[in-house]
Each structure stands twice: as C-alpha cells, then as structure tokens.
Amino acid sequence: MGPMLAGRVAFVTGAGSGIGRSTAIRYAEEGADVAVLDVNGAAAADTAAAVEALGRSAVALRADVSRAAEVEGAVRQTLAALGPVDILVNNAGLLRDATIRNLSEADWDLVLDVHLKGTFLCTKAVAAGMRERGRGGAIVNISSISAKIGNFGQANYASAKAGIVALTKVTAREYAKYGVRANAIQPGMIETPMTRALGEERLARNAAETPLGRLGRPEEVAAVALFLASDLSSFVTGAVIEVTGGRYL
Ligand code: NAP
C-alpha cells in the first residue's frame, strides 16, 4: 500500500501542540501537504517545519478559530499556498474547568466559542470549497469522552464537545451528496500539554481506571484521525469513535 494521503491537502487546527501536531505529522508521513493553524504562531511554525522535514509542503497560520474573519483568511492563505483543502481536522481547544457554581459566564463563552463555534466556522469555510470543487473530502472533529459522561467540573467543555457530536452528524447529512464525510473522535485521557497540567496524581488515577492500564499517546489519536481522513473509511460518516483505552464503556 502506498502513502494513504498522497496528493491531498489537510487543514489542521490547534496543530501547534499535542494531538493536532501529531495528526499534522502523521498526515505528512502519508503524503499530505498540511496547513498548520494555531493561535500560537510560533508553535504553528514549529509543526510546519516538522511537516517540511518530511518532504511535504506546509503553511503556518496564526489564527483564532473562534473568529470568522481569521478563519476565512487562513483558508484563503491555504488555497494560495497549497491548493484546495481535502481534509479538515477541527482540533483546536482549551480547558477552563470549574463546577457550575464557580463557572464564570466568560469561561462558559470562551470554551463554547473555541470548540463549538470554532468547529462550525472552520467547517463552513472549508466545506464550501469542498462542495464547489466536487471532489469530496473528509472532516474529522475532535470531541471528547467528556461529552458522553458529563465530566464533573466541565459543564462548558462537555457541553461544547457534545455539541460537536451533533454538529458532526448535521455536517455528515448536509454534505454527503457532495462526497464529504464528517466523523468525530472522542479521546479519553491522552498525554499532551493540556492534560499534563492536571497533575501526576489525577493522571495516575485515570490510568488505573482505564482497562488498557495507561494513558493514551497523541499518536494513537492521530492514527484514528488518519483512518477517518483516508479512503479506508470511505463508507463511514456521522460516526463517533472512542479512543479511550476502554475507559467509560
Ligand atoms: P493542546 O496540547 O493544548 O493543543 C491544543 C492547541 O490548540 C494548542 O496549541 C492551543 O494553543 C490551540 N488553541 C487553543 N485555542 C485556540 C484557538 N482559539 N484557535 C486556534 N488554536 C487554538 O491540547 P490537546 O490535548 O492536544 O487537545 C487537542 C484537542 O483534543 C482539543 O480539542 C481537546 O479538547 C481534545 N481532547 C484532548 C484530550 C486529552 O486528553 N488530551 C481528551 C479529549 C479531547 P495554546 O496552547 O496557545 O492555547
């Protein structure tokens, strides 16, 4: 089997770090050129350099996914630098955990804006091009197992991630006739800068509660994101795949 994404262009948000960075690199290993978007411009440039080191083309884009004008600008820059987008990965995200009693309106809005509105804005901007071009496409949305279980202290995050599941299903229905598939991944606890901040004790407890007995690695989410972006999943759309090591079955 040759490279799975040869000749394709991927647009990955939050690709400066963690799961997004691993996904950008995994896609490049399979022959894709990659638009690397992150609100942290230096981190985006670093991932873009890693993509180029694999012999692929990349463009680093500093943008906030929750701002329509910035998203539209990033998509235009991608078109100019790499050509039309075949694969979109909506991965950018952040945490502002607090119990409902302590959760501020600002932190509710921020988390909903980045995850849910950001996924909507990027889908709207990228899927328009996929539809016009008529050559199909794949959209991979990063939800979270928190959406399924309603994690304590994550009213904003779990709600946004559950919203992303519904948005994925709507996208799958609306774009199926254009050959565009949309699917979601629900990771469990994955070792990234986002989760490292939670502290050793909580991570150890998580690993102990996981049937596979450990935390996941970003590469293990990227592998599923590769499956969903590639032709291996040509009859899969509107699906939600858990990548949790068996936690919260
Ligand atoms: P990460 O290492 O913190 O990477 C997320 C990246 O997104 C960061 O570079 C971050 O920049 C960027 N970002 C934040 N806000 C943005 C915005 N408005 N526009 C563009 N980029 C933005 O986190 P991760 O663990 O890889 O998480 C990636 C995705 O997986 C997130 O959607 C997360 O919710 C989801 N997820 C992660 C886990 C896990 O266990 N790690 C589990 C389930 C789901 P800054 O660092 O500058 O904020």
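# Notebook: a predicted model, its pockets and its ligand

**Entry 1. The second largest pocket.** I looked up the second largest pocket and found a volume of about 220 Å³. I note here that the model is predicted. Its second largest pocket has a lining of 14 residues. Arg8, Arg135, Gly136, Gly137 and Asp231 are the lining residues that lie nearest the centre of this pocket. I then sorted the lining by character: 6 residues are charged, 5 are polar and 3 are nonpolar.

**Entry 2. The shell around the ligand.** I turned next to the ligand. How many residues surround the ligand? I recorded 29 of them, and the closest are Ser17, Asp38, Asn91, Tyr157 and Thr192. By character, this shell holds 14 nonpolar, 12 polar and 3 charged residues.

**Entry 3. Polar atoms at the ligand.** I looked up three distances to oxygen atoms of the ligand. For Ser17, a polar side-chain atom is 2.6 Å from a ligand oxygen. For Tyr157, an N or O atom of the side chain lies 2.6 Å from an oxygen atom of the ligand. For Gly188, the atom concerned is a backbone N or O, and it lies 3.2 Å from a ligand oxygen. I also looked up how much of the ligand is covered: on its own the ligand has 890 Å² of accessible area, and the protein covers 88% of that area.

**Entry 4. Elements that supply the shell.** I asked which elements give two or more residues to the shell around the ligand. They are helix 1 (18–29), strand 2 (33–38), helix 4 (105–133), helix 6 (155–175) and helix 7 (193–196). Helix 7 makes the largest contribution to the shell, with 3 residues.

**Entry 5. Asp33 in strand 2.** I followed strand 2 to Asp33, which lies in this strand. Is Asp33 buried or exposed? Its relative accessibility is 15%, so Asp33 counts as buried, the cut-off for buried being under 20%. I also compared sequence with space: Asp33 and Val9 are 24 residues apart in sequence, while their C-alpha atoms are 4.9 Å apart.

**Entry 6. Ala127 in helix 4.** I found Ala127 in helix 4. Ala127 has a relative accessible area of 0% and is therefore buried. From Ala127 to Glu219 I recorded 92 residues along the chain and a C-alpha separation of 26 Å.

**Entry 7. Ala53 in helix 2.** I placed Ala53 in helix 2, which comprises residues 41–53. The relative accessibility of Ala53 is 69%, so Ala53 counts as exposed; the cut-off for exposed is over 50%. The C-alpha atoms of Ala53 and Val165 are separated by 34 Å, and the two residues are 112 apart along the chain.

**Entry 8. The backbone at Tyr248.** I looked up Tyr248 last and located it in the segment after strand 7 (240–243). What is the phi of Tyr248? The angle is near 60 degrees, a positive value in a residue other than glycine. I noted this because most residues other than glycine have a negative phi. Tyr248 has a relative accessibility of 28% and so counts as partly exposed, a class that falls between the cut-offs for buried and exposed.

Methods
Residues numbered from 1 in each chain as written. Predicted model: local features only at pLDDT ≥ 70, side-chain atom pairs only at ≥ 80, totals over all residues. Heavy atoms only, no water. Near = heavy atom within 4 Å. Polar contact = N/O pair within 3.5 Å; in protein donor to acceptor, adjacent residues only side chain to side chain. Areas by Shrake-Rupley, 256 points an atom, 1.4 Å probe, with all protein chains shown as cover. Helix = DSSP H or I, 4+ residues; strand = E, 2+ residues; numbered from the N terminus. Nonpolar A, V, L, I, M, F, W, Y, C, P; charged D, E, K, R; others polar. 1 Å grid on protein atoms, 1.4 Å probe; cavity = no way out; pocket = protein on both sides within 12 Å on 5 of 7 lines; lining within 4 Å. Points joined across faces, edges and corners; volume = space filled by probe spheres on them. Buried < 20%, exposed > 50% of the residue type's maximum accessible area, 1.4 Å probe, protein only.
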